[in-house]
Amino acid sequence: MEKIIITGNKPLQGTIRVSGAKNAVLPILAASLLTTTSTKLLDVPRLADVEVICSVLAHLGAQITAKPGQLAITVPELSQTEAPYEYVRKMRASFLVMGPLLARAGRARISLPGGCAIGTRPIDLHLKGFAALGADIRYGSGYIEAWAKQLQGAKIYLDFPSVGATENIMMAAVLASGQTCIENAAEEPEIVDLANFLNAMGAQIKGAGTKVIRIDGVKELTGTTHAVIPDRIEAGTYLVAAAITRGSVVVENVINDHLKPVVAKLKEAGVDLEEDDNSIKVNCPGRVKGVDIKTLPYPGFPTDMQAQFMALMAVAEGTSIITETVFENRFMHVNELKRMGAKIKIEGRTAIVQGVKTLTGAQVKATDLRAGAAMILAGLAAAGETEVSNIYHIDRGYENLIEKLQAIGAEIKRVEEKELAQN
Ligand SMILES: CC(=O)N[C@H]1[C@@H](OP(=O)(O)OP(=O)(O)OC[C@H]2O[C@@H](n3ccc(=O)[nH]c3=O)[C@H](O)[C@@H]2O)O[C@H](CO)[C@@H](O)[C@@H]1O
Ligand SMILES: C=C(OP(=O)(O)O)C(=O)O
(Lines give C-alpha, C1' and ligand atoms only; values in the text may rest on other atoms or scores of the structure.)
(Ligands and ions follow the chains in the order given, each with its own letter.)
Protein backbone atom coordinates (compact mmCIF):
# COMPACT_ATOMS: atom_id res chain seq x y z
CA MET A 1 0.00 0.00 0.00
CA GLU A 2 1.23 3.46 -0.81
CA LYS A 3 1.17 6.55 1.35
CA ILE A 4 1.73 10.24 0.76
CA ILE A 5 4.32 12.04 2.90
CA ILE A 6 4.24 15.81 3.17
CA THR A 7 6.64 18.15 4.91
CA GLY A 8 4.49 21.21 5.40
CA ASN A 9 4.59 24.87 6.31
CA LYS A 10 5.98 26.08 2.95
CA PRO A 11 4.20 28.73 0.86
CA LEU A 12 3.30 27.38 -2.59
CA GLN A 13 4.37 29.46 -5.54
CA GLY A 14 3.97 29.14 -9.30
CA THR A 15 1.40 27.98 -11.83
CA ILE A 16 -0.71 24.84 -11.66
CA ARG A 17 -2.90 23.49 -14.47
CA VAL A 18 -6.28 21.93 -13.84
CA SER A 19 -7.23 18.69 -15.65
CA GLY A 20 -10.52 17.65 -17.25
CA ALA A 21 -13.39 17.12 -14.82
CA LYS A 22 -13.87 13.66 -13.34
CA ASN A 23 -17.58 14.26 -12.77
CA ALA A 24 -18.05 15.38 -16.39
CA VAL A 25 -16.04 12.68 -18.11
CA LEU A 26 -17.72 9.78 -16.26
CA PRO A 27 -21.29 10.42 -17.53
CA ILE A 28 -19.94 11.41 -20.95
CA LEU A 29 -18.12 8.09 -21.22
CA ALA A 30 -21.34 6.32 -20.22
CA ALA A 31 -23.18 8.31 -22.92
CA SER A 32 -20.80 7.03 -25.58
CA LEU A 33 -22.78 3.76 -25.31
CA LEU A 34 -25.67 5.54 -27.07
CA THR A 35 -24.19 5.28 -30.56
CA THR A 36 -22.65 2.65 -32.83
CA THR A 37 -20.25 5.25 -34.26
CA SER A 38 -16.99 6.48 -32.85
CA THR A 39 -16.64 9.15 -30.17
CA LYS A 40 -13.43 11.01 -29.38
CA LEU A 41 -12.91 12.72 -26.04
CA LEU A 42 -10.23 15.31 -25.34
CA ASP A 43 -8.93 16.62 -22.00
CA VAL A 44 -9.60 13.27 -20.36
CA PRO A 45 -7.91 13.08 -16.96
CA ARG A 46 -5.88 9.98 -16.03
CA LEU A 47 -7.76 8.83 -12.97
CA ALA A 48 -8.65 5.54 -11.32
CA ASP A 49 -12.37 6.31 -11.81
CA VAL A 50 -11.86 6.79 -15.56
CA GLU A 51 -10.17 3.37 -15.69
CA VAL A 52 -13.11 1.81 -13.88
CA ILE A 53 -15.75 3.26 -16.22
CA CYS A 54 -13.62 2.24 -19.22
CA SER A 55 -13.52 -1.33 -17.95
CA VAL A 56 -17.32 -1.27 -17.54
CA LEU A 57 -17.67 -0.01 -21.13
CA ALA A 58 -15.22 -2.63 -22.42
CA HIS A 59 -17.22 -5.31 -20.59
CA LEU A 60 -20.34 -4.05 -22.39
CA GLY A 61 -18.65 -4.29 -25.80
CA ALA A 62 -16.85 -0.95 -26.26
CA GLN A 63 -13.61 -0.74 -28.21
CA ILE A 64 -11.47 1.88 -26.53
CA THR A 65 -8.17 3.37 -27.62
CA ALA A 66 -6.25 5.74 -25.42
CA LYS A 67 -3.65 8.43 -26.09
CA PRO A 68 -2.40 10.90 -23.47
CA GLY A 69 -5.41 13.05 -22.57
CA GLN A 70 -7.63 11.37 -25.16
CA LEU A 71 -9.97 8.43 -25.48
CA ALA A 72 -11.68 7.09 -28.60
CA ILE A 73 -14.69 4.85 -27.94
CA THR A 74 -16.71 2.79 -30.39
CA VAL A 75 -19.51 0.46 -29.42
CA PRO A 76 -20.53 -1.22 -32.70
CA GLU A 77 -22.59 -3.76 -30.79
CA LEU A 78 -23.44 -4.28 -27.13
CA SER A 79 -22.08 -7.63 -26.03
CA GLN A 80 -23.77 -7.35 -22.63
CA THR A 81 -26.40 -5.30 -20.87
CA GLU A 82 -25.24 -6.18 -17.39
CA ALA A 83 -22.85 -4.25 -15.13
CA PRO A 84 -21.83 -6.63 -12.36
CA TYR A 85 -21.01 -5.98 -8.71
CA GLU A 86 -17.24 -6.07 -9.26
CA TYR A 87 -17.43 -2.78 -11.24
CA VAL A 88 -20.22 -0.95 -9.41
CA ARG A 89 -18.61 -1.82 -6.08
CA LYS A 90 -15.43 0.00 -7.17
CA MET A 91 -17.26 3.11 -8.31
CA ARG A 92 -20.88 4.13 -7.79
CA ALA A 93 -20.88 6.21 -10.99
CA SER A 94 -20.85 2.90 -12.92
CA PHE A 95 -24.62 3.03 -12.34
CA LEU A 96 -24.71 5.77 -14.98
CA VAL A 97 -24.64 3.12 -17.72
CA MET A 98 -28.23 2.18 -16.88
CA GLY A 99 -29.85 5.08 -18.78
CA PRO A 100 -27.80 4.59 -21.97
CA LEU A 101 -28.31 0.78 -21.92
CA LEU A 102 -32.07 1.16 -21.50
CA ALA A 103 -32.17 3.68 -24.34
CA ARG A 104 -30.05 1.64 -26.74
CA ALA A 105 -30.88 -1.97 -25.88
CA GLY A 106 -34.21 -1.65 -24.08
CA ARG A 107 -32.83 -3.46 -21.06
CA ALA A 108 -30.18 -3.23 -18.37
CA ARG A 109 -29.18 -5.20 -15.30
CA ILE A 110 -26.94 -3.32 -12.91
CA SER A 111 -25.64 -4.22 -9.50
CA LEU A 112 -27.12 -2.06 -6.74
CA PRO A 113 -24.49 0.57 -5.89
CA GLY A 114 -25.21 0.55 -2.14
CA GLY A 115 -24.03 3.26 0.22
CA CYS A 116 -20.55 4.63 0.72
CA ALA A 117 -18.54 6.47 3.36
CA ILE A 118 -20.31 9.79 2.79
CA GLY A 119 -23.90 8.56 2.94
CA THR A 120 -26.49 5.95 1.99
CA ARG A 121 -26.83 7.41 -1.50
CA PRO A 122 -30.03 5.79 -2.74
CA ILE A 123 -30.91 5.61 -6.44
CA ASP A 124 -34.67 5.92 -6.08
CA LEU A 125 -34.80 9.11 -8.16
CA HIS A 126 -32.99 7.45 -11.09
CA LEU A 127 -35.46 4.56 -10.96
CA LYS A 128 -38.54 6.80 -10.61
CA GLY A 129 -37.36 8.58 -13.75
CA PHE A 130 -36.89 5.34 -15.71
CA ALA A 131 -40.31 4.12 -14.55
CA ALA A 132 -41.91 7.39 -15.67
CA LEU A 133 -40.32 6.83 -19.10
CA GLY A 134 -42.17 3.48 -19.22
CA ALA A 135 -39.50 1.07 -18.00
CA ASP A 136 -40.44 -1.97 -15.91
CA ILE A 137 -38.14 -2.34 -12.94
CA ARG A 138 -37.36 -5.39 -10.84
CA TYR A 139 -35.01 -5.84 -7.87
CA GLY A 140 -33.40 -9.08 -6.82
CA SER A 141 -30.12 -10.70 -5.73
CA GLY A 142 -28.43 -7.33 -5.33
CA TYR A 143 -29.30 -6.25 -8.87
CA ILE A 144 -31.74 -3.88 -10.52
CA GLU A 145 -33.17 -4.91 -13.80
CA ALA A 146 -35.04 -2.53 -16.07
CA TRP A 147 -36.54 -3.07 -19.48
CA ALA A 148 -38.77 -1.26 -21.99
CA LYS A 149 -39.48 -1.95 -25.66
CA GLN A 150 -39.46 1.77 -26.40
CA LEU A 151 -39.08 4.47 -23.77
CA GLN A 152 -41.76 7.18 -23.93
CA GLY A 153 -41.12 10.82 -23.10
CA ALA A 154 -42.65 11.95 -19.79
CA LYS A 155 -42.75 14.75 -17.26
CA ILE A 156 -40.47 13.90 -14.32
CA TYR A 157 -40.21 15.95 -11.15
CA LEU A 158 -37.13 15.20 -9.04
CA ASP A 159 -37.75 15.49 -5.28
CA PHE A 160 -34.12 16.59 -5.00
CA PRO A 161 -31.93 17.96 -7.82
CA SER A 162 -29.78 14.82 -7.97
CA VAL A 163 -26.83 15.12 -10.33
CA GLY A 164 -26.70 11.41 -11.17
CA ALA A 165 -30.48 11.04 -11.59
CA THR A 166 -30.61 14.08 -13.91
CA GLU A 167 -27.78 12.60 -16.01
CA ASN A 168 -29.13 9.06 -16.10
CA ILE A 169 -32.66 10.20 -17.02
CA MET A 170 -31.31 12.61 -19.65
CA MET A 171 -29.31 9.77 -21.26
CA ALA A 172 -32.35 7.46 -21.21
CA ALA A 173 -34.64 10.14 -22.67
CA VAL A 174 -32.53 11.18 -25.67
CA LEU A 175 -33.70 8.17 -27.71
CA ALA A 176 -37.25 8.00 -26.23
CA SER A 177 -40.27 8.80 -28.37
CA GLY A 178 -41.70 12.25 -27.66
CA GLN A 179 -40.68 14.91 -25.16
CA THR A 180 -39.28 14.45 -21.68
CA CYS A 181 -39.27 17.28 -19.21
CA ILE A 182 -37.12 16.99 -16.09
CA GLU A 183 -38.26 19.44 -13.43
CA ASN A 184 -36.17 20.40 -10.41
CA ALA A 185 -33.20 19.10 -12.40
CA ALA A 186 -29.64 19.47 -11.13
CA GLU A 187 -27.93 22.56 -12.59
CA GLU A 188 -24.28 21.54 -12.16
CA PRO A 189 -21.82 22.46 -14.95
CA GLU A 190 -21.22 18.73 -15.51
CA ILE A 191 -24.90 18.38 -16.54
CA VAL A 192 -24.36 21.11 -19.12
CA ASP A 193 -21.21 19.41 -20.42
CA LEU A 194 -23.09 16.12 -20.82
CA ALA A 195 -25.96 17.89 -22.60
CA ASN A 196 -23.50 19.66 -24.93
CA PHE A 197 -21.90 16.31 -25.74
CA LEU A 198 -25.28 14.66 -26.39
CA ASN A 199 -26.48 17.59 -28.51
CA ALA A 200 -23.28 17.38 -30.59
CA MET A 201 -24.25 13.72 -31.17
CA GLY A 202 -27.63 14.84 -32.50
CA ALA A 203 -29.75 14.92 -29.34
CA GLN A 204 -32.31 17.68 -28.76
CA ILE A 205 -31.80 18.89 -25.21
CA LYS A 206 -32.74 22.36 -24.05
CA GLY A 207 -32.43 23.99 -20.65
CA ALA A 208 -29.44 22.08 -19.23
CA GLY A 209 -27.96 24.25 -16.49
CA THR A 210 -31.43 25.38 -15.38
CA LYS A 211 -34.06 23.69 -13.22
CA VAL A 212 -36.10 22.52 -16.24
CA ILE A 213 -34.56 20.36 -18.94
CA ARG A 214 -36.58 19.46 -22.05
CA ILE A 215 -35.48 16.57 -24.22
CA ASP A 216 -37.08 15.80 -27.57
CA GLY A 217 -36.32 12.20 -28.37
CA VAL A 218 -34.47 11.47 -31.63
CA LYS A 219 -34.14 8.21 -33.60
CA GLU A 220 -30.37 7.89 -33.40
CA LEU A 221 -27.18 9.58 -32.30
CA THR A 222 -23.81 9.72 -34.02
CA GLY A 223 -20.33 9.93 -32.53
CA THR A 224 -18.62 13.28 -32.08
CA THR A 225 -15.44 14.88 -30.73
CA HIS A 226 -15.75 16.64 -27.40
CA ALA A 227 -13.37 18.35 -24.99
CA VAL A 228 -14.24 17.78 -21.33
CA ILE A 229 -14.65 20.89 -19.13
CA PRO A 230 -11.97 21.67 -16.52
CA ASP A 231 -12.47 20.18 -13.07
CA ARG A 232 -13.91 22.89 -10.83
CA ILE A 233 -13.31 20.80 -7.69
CA GLU A 234 -9.67 20.16 -8.54
CA ALA A 235 -9.33 23.90 -9.24
CA GLY A 236 -11.00 24.77 -5.93
CA THR A 237 -8.67 22.37 -4.11
CA TYR A 238 -5.61 24.17 -5.56
CA LEU A 239 -7.06 27.60 -4.71
CA VAL A 240 -7.31 26.42 -1.12
CA ALA A 241 -3.78 24.92 -1.30
CA ALA A 242 -2.44 28.38 -2.15
CA ALA A 243 -4.48 30.06 0.59
CA ILE A 244 -3.70 27.52 3.34
CA THR A 245 0.07 27.73 2.70
CA ARG A 246 -0.07 31.56 2.42
CA GLY A 247 1.33 31.27 -1.07
CA SER A 248 0.93 32.90 -4.44
CA VAL A 249 -0.33 30.57 -7.16
CA VAL A 250 -1.94 30.90 -10.60
CA VAL A 251 -4.52 28.18 -11.16
CA GLU A 252 -4.84 27.72 -14.92
CA ASN A 253 -7.51 26.15 -17.13
CA VAL A 254 -10.56 27.13 -15.12
CA ILE A 255 -14.03 28.31 -16.03
CA ASN A 256 -14.46 31.16 -13.56
CA ASP A 257 -18.24 30.95 -13.60
CA HIS A 258 -18.11 27.38 -12.28
CA LEU A 259 -16.02 28.50 -9.32
CA LYS A 260 -18.19 31.42 -8.21
CA PRO A 261 -19.37 29.94 -4.89
CA VAL A 262 -15.84 28.88 -3.92
CA VAL A 263 -14.23 32.13 -5.01
CA ALA A 264 -16.88 34.15 -3.12
CA LYS A 265 -16.13 32.29 0.12
CA LEU A 266 -12.35 32.58 -0.31
CA LYS A 267 -12.73 36.34 -0.85
CA GLU A 268 -14.94 36.58 2.23
CA ALA A 269 -12.16 34.79 4.16
CA GLY A 270 -9.76 37.54 3.07
CA VAL A 271 -7.93 35.74 0.25
CA ASP A 272 -6.85 37.98 -2.61
CA LEU A 273 -8.05 36.50 -5.92
CA GLU A 274 -7.52 37.95 -9.39
CA GLU A 275 -9.69 36.35 -12.04
CA ASP A 276 -8.59 36.24 -15.66
CA ASP A 277 -10.18 34.67 -18.72
CA ASN A 278 -9.19 31.13 -17.87
CA SER A 279 -7.09 31.44 -14.76
CA ILE A 280 -7.29 32.63 -11.19
CA LYS A 281 -4.36 34.10 -9.30
CA VAL A 282 -4.38 33.54 -5.55
CA ASN A 283 -2.37 35.64 -3.15
CA CYS A 284 -2.57 34.99 0.52
CA PRO A 285 0.32 36.37 2.54
CA GLY A 286 -1.47 36.14 5.91
CA ARG A 287 -3.89 34.09 7.95
CA VAL A 288 -7.46 33.81 6.61
CA LYS A 289 -10.60 34.73 8.58
CA GLY A 290 -13.17 32.16 9.62
CA VAL A 291 -16.32 32.22 7.45
CA ASP A 292 -19.48 30.12 7.50
CA ILE A 293 -20.41 27.79 4.67
CA LYS A 294 -23.43 25.67 3.84
CA THR A 295 -23.21 23.09 1.07
CA LEU A 296 -26.01 23.13 -1.47
CA PRO A 297 -26.71 21.93 -5.00
CA TYR A 298 -25.14 24.16 -7.70
CA PRO A 299 -24.90 27.15 -7.78
CA GLY A 300 -24.55 26.76 -4.02
CA PHE A 301 -21.28 25.90 -2.29
CA PRO A 302 -20.24 22.40 -3.52
CA THR A 303 -20.26 19.53 -1.06
CA ASP A 304 -17.18 18.26 -2.92
CA MET A 305 -15.25 21.30 -1.57
CA GLN A 306 -16.53 21.10 2.02
CA ALA A 307 -13.69 18.98 3.44
CA GLN A 308 -10.98 21.07 1.76
CA PHE A 309 -12.58 24.29 3.00
CA MET A 310 -12.77 22.86 6.49
CA ALA A 311 -8.99 22.27 6.41
CA LEU A 312 -8.57 25.97 5.59
CA MET A 313 -10.98 27.04 8.32
CA ALA A 314 -9.06 24.86 10.79
CA VAL A 315 -6.20 27.40 10.60
CA ALA A 316 -8.33 30.52 10.18
CA GLU A 317 -8.67 33.33 12.65
CA GLY A 318 -11.96 32.96 14.50
CA THR A 319 -14.75 30.41 14.35
CA SER A 320 -16.59 29.11 11.32
CA ILE A 321 -19.77 27.11 11.04
CA ILE A 322 -19.81 24.52 8.27
CA THR A 323 -23.15 22.94 7.43
CA GLU A 324 -23.39 19.92 5.15
CA THR A 325 -26.86 19.59 3.63
CA VAL A 326 -26.21 17.34 0.61
CA PHE A 327 -24.81 14.16 2.19
CA GLU A 328 -25.73 12.95 5.66
CA ASN A 329 -22.31 11.62 6.67
CA ARG A 330 -19.67 13.80 5.08
CA PHE A 331 -17.65 14.74 8.16
CA MET A 332 -15.28 11.76 8.27
CA HIS A 333 -12.31 14.12 7.84
CA VAL A 334 -13.09 15.86 11.14
CA ASN A 335 -11.44 13.22 13.32
CA GLU A 336 -8.42 13.15 11.03
CA LEU A 337 -8.06 16.95 11.14
CA LYS A 338 -8.35 16.78 14.93
CA ARG A 339 -5.35 14.41 14.95
CA MET A 340 -3.40 17.33 13.47
CA GLY A 341 -4.52 19.71 16.20
CA ALA A 342 -7.69 21.15 14.66
CA LYS A 343 -10.45 22.21 17.06
CA ILE A 344 -13.73 21.01 15.59
CA LYS A 345 -17.03 20.04 17.19
CA ILE A 346 -19.81 18.29 15.30
CA GLU A 347 -23.45 18.99 16.08
CA GLY A 348 -25.66 17.03 13.70
CA ARG A 349 -25.02 18.30 10.20
CA THR A 350 -22.93 21.22 11.42
CA ALA A 351 -19.25 21.42 12.25
CA ILE A 352 -18.06 24.25 14.44
CA VAL A 353 -14.45 24.98 13.59
CA GLN A 354 -12.43 27.10 15.95
CA GLY A 355 -9.34 28.11 14.02
CA VAL A 356 -5.91 27.38 15.50
CA LYS A 357 -2.63 29.12 14.67
CA THR A 358 -0.91 26.01 13.33
CA LEU A 359 -1.63 22.37 12.65
CA THR A 360 1.02 19.76 13.36
CA GLY A 361 1.95 16.87 11.10
CA ALA A 362 0.48 13.48 12.02
CA GLN A 363 -0.41 10.08 10.61
CA VAL A 364 -3.87 10.44 9.09
CA LYS A 365 -6.00 8.61 6.57
CA ALA A 366 -8.04 9.56 3.55
CA THR A 367 -11.53 8.36 4.45
CA ASP A 368 -12.95 9.32 1.05
CA LEU A 369 -11.78 11.28 -1.98
CA ARG A 370 -12.30 14.86 -0.79
CA ALA A 371 -11.48 14.00 2.83
CA GLY A 372 -8.17 12.79 1.39
CA ALA A 373 -7.69 16.10 -0.41
CA ALA A 374 -8.36 17.88 2.88
CA MET A 375 -5.59 15.84 4.56
CA ILE A 376 -3.16 16.81 1.81
CA LEU A 377 -4.07 20.49 2.29
CA ALA A 378 -3.75 20.27 6.06
CA GLY A 379 -0.39 18.52 5.61
CA LEU A 380 0.85 21.28 3.30
CA ALA A 381 0.09 23.85 6.01
CA ALA A 382 1.15 21.85 9.06
CA ALA A 383 4.43 22.08 10.88
CA GLY A 384 6.41 18.85 10.50
CA GLU A 385 5.59 15.68 8.61
CA THR A 386 2.18 14.33 7.67
CA GLU A 387 1.65 10.79 6.47
CA VAL A 388 -1.59 10.15 4.58
CA SER A 389 -2.75 6.55 4.12
CA ASN A 390 -5.63 5.05 2.07
CA ILE A 391 -4.57 7.25 -0.81
CA TYR A 392 -6.43 5.14 -3.39
CA HIS A 393 -9.36 7.42 -2.57
CA ILE A 394 -7.32 10.43 -3.71
CA ASP A 395 -6.25 8.67 -6.93
CA ARG A 396 -9.94 8.49 -7.91
CA GLY A 397 -10.09 12.21 -8.55
CA TYR A 398 -6.75 14.05 -8.75
CA GLU A 399 -4.56 13.62 -11.82
CA ASN A 400 -0.80 13.81 -11.10
CA LEU A 401 -1.46 15.39 -7.72
CA ILE A 402 2.06 14.84 -6.40
CA GLU A 403 3.82 16.14 -9.54
CA LYS A 404 1.54 19.17 -9.79
CA LEU A 405 2.09 20.15 -6.16
CA GLN A 406 5.85 19.49 -6.33
CA ALA A 407 6.04 21.86 -9.32
CA ILE A 408 4.73 24.72 -7.16
CA GLY A 409 7.14 24.04 -4.33
CA ALA A 410 5.44 21.47 -2.14
CA GLU A 411 7.56 18.91 -0.36
CA ILE A 412 5.37 15.91 -1.04
CA LYS A 413 6.06 12.36 -2.17
CA ARG A 414 4.39 9.02 -2.61
CA VAL A 415 6.05 6.07 -0.93
CA GLU A 416 5.47 2.35 -0.52
CA GLU A 417 4.67 1.36 3.03
CA LYS A 418 7.69 -0.99 2.93
CA GLU A 419 10.03 1.96 2.29
CA LEU A 420 8.58 3.72 5.32
CA ALA A 421 9.22 0.71 7.54
CA GLN A 422 12.87 0.60 6.42
CA ASN A 423 13.54 4.26 7.28
C1 LIG B 1 -19.75 11.13 -10.25
C2 LIG B 1 -20.37 12.37 -9.76
O3 LIG B 1 -20.76 13.24 -10.52
N4 LIG B 1 -20.45 12.52 -8.42
C5 LIG B 1 -21.01 13.73 -7.88
C6 LIG B 1 -22.51 13.62 -7.87
O7 LIG B 1 -22.85 12.45 -7.12
P8 LIG B 1 -24.33 11.89 -7.18
O9 LIG B 1 -24.86 12.04 -8.54
O10 LIG B 1 -24.31 10.54 -6.58
O11 LIG B 1 -25.05 12.90 -6.20
P12 LIG B 1 -26.57 13.28 -6.14
O13 LIG B 1 -26.72 14.70 -6.58
O14 LIG B 1 -27.36 12.24 -6.84
O15 LIG B 1 -26.85 13.16 -4.60
C16 LIG B 1 -27.22 14.26 -3.79
C17 LIG B 1 -28.14 13.80 -2.67
O18 LIG B 1 -29.31 13.22 -3.23
C19 LIG B 1 -29.55 11.95 -2.67
N20 LIG B 1 -30.18 11.08 -3.70
C21 LIG B 1 -29.59 10.96 -4.92
C22 LIG B 1 -30.15 10.15 -5.88
C23 LIG B 1 -31.33 9.45 -5.58
O24 LIG B 1 -31.89 8.69 -6.40
N25 LIG B 1 -31.89 9.61 -4.35
C26 LIG B 1 -31.35 10.41 -3.40
O27 LIG B 1 -31.87 10.54 -2.29
C28 LIG B 1 -28.16 11.46 -2.28
O29 LIG B 1 -28.21 10.44 -1.31
C30 LIG B 1 -27.51 12.72 -1.77
O31 LIG B 1 -27.86 12.95 -0.44
O32 LIG B 1 -23.07 14.79 -7.26
C33 LIG B 1 -22.70 14.97 -5.88
C34 LIG B 1 -23.44 16.19 -5.37
O35 LIG B 1 -22.98 17.33 -5.99
C36 LIG B 1 -21.17 15.10 -5.78
O37 LIG B 1 -20.83 15.13 -4.43
C38 LIG B 1 -20.48 13.92 -6.46
O39 LIG B 1 -19.11 14.19 -6.56
C1 LIG C 1 -18.26 12.14 -4.02
C2 LIG C 1 -17.52 12.21 -5.12
O3 LIG C 1 -17.54 11.33 -6.15
P4 LIG C 1 -18.51 10.06 -6.32
O5 LIG C 1 -19.90 10.57 -6.54
O6 LIG C 1 -18.00 9.40 -7.57
O7 LIG C 1 -18.40 9.22 -5.08
C8 LIG C 1 -16.56 13.32 -5.35
O9 LIG C 1 -16.09 13.50 -6.49
O10 LIG C 1 -16.25 14.04 -4.39
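Guide: Before we start, two residues are in contact here if their C-beta atoms, placed from the backbone, lie within 7 Å, and please keep in mind that this is a predicted model.

Visitor: Okay, so which residues is leucine 125 in contact with, leaving aside its neighbours within four places in sequence?

Guide: With those sequence neighbours set aside, leucine 125 has contacts with Leu158, Asp159, Phe160, Ser162 and Ala165.

Visitor: And where does leucine 125 sit, and is it buried or exposed?

Guide: Leucine 125 belongs to helix 5, which covers residues 124-132, and it is buried because 21 other C-beta atoms lie within 10 Å, where 20 or more are needed for that class.

Visitor: Switching topic, which residues surround ligand 2?

Guide: The shell around ligand 2 is made up of Asn23, Arg92, Ala93, Asp304, Leu369, Arg370 and Gly397, and by class it comprises two nonpolar, two polar and three charged residues.

Visitor: Where does ligand 2 lie with respect to domain 1 and domain 2?

Guide: Ligand 2 lies between them, because domain 1 (2-19 + 230-422) and domain 2 (22-227) both contribute residues to its shell.

Visitor: What does UniProt list for "binding site"?

Guide: The unreviewed UniProt entry lists Arg92, Arg121, Pro122, Ile123, Asp124, Leu125, Asp304 and Val326 under that heading.

Visitor: Where is valine 326 found, then, and what is it in contact with?

Guide: Valine 326 is in the loop that runs between strand 19 (319-323) and helix 11 (333-339); leaving aside neighbours within four places in sequence, valine 326 is in contact with Thr295, Pro297 and Thr303.

Visitor: Why does valine 326 count as buried?

Guide: Valine 326 counts as buried because it has 21 C-beta neighbours inside 10 Å.

Key: Residues numbered from 1 in each chain as written. Chains lettered and ligands numbered in written order. Predicted model: local features only at pLDDT ≥ 70, side-chain atom pairs only at ≥ 80, totals over all residues. Near = placed C-beta within 6 Å. Nonpolar A, V, L, I, M, F, W, Y, C, P; charged D, E, K, R; others polar. Domains from an automatic or database assignment. UniProt positions renumbered as here; feature names shortened; annotations may be inferred. Helix = DSSP H or I, 4+ residues; strand = E, 2+ residues; numbered from the N terminus. Buried ≥ 20, exposed ≤ 12 C-beta atoms within 10 Å, placed from the backbone.
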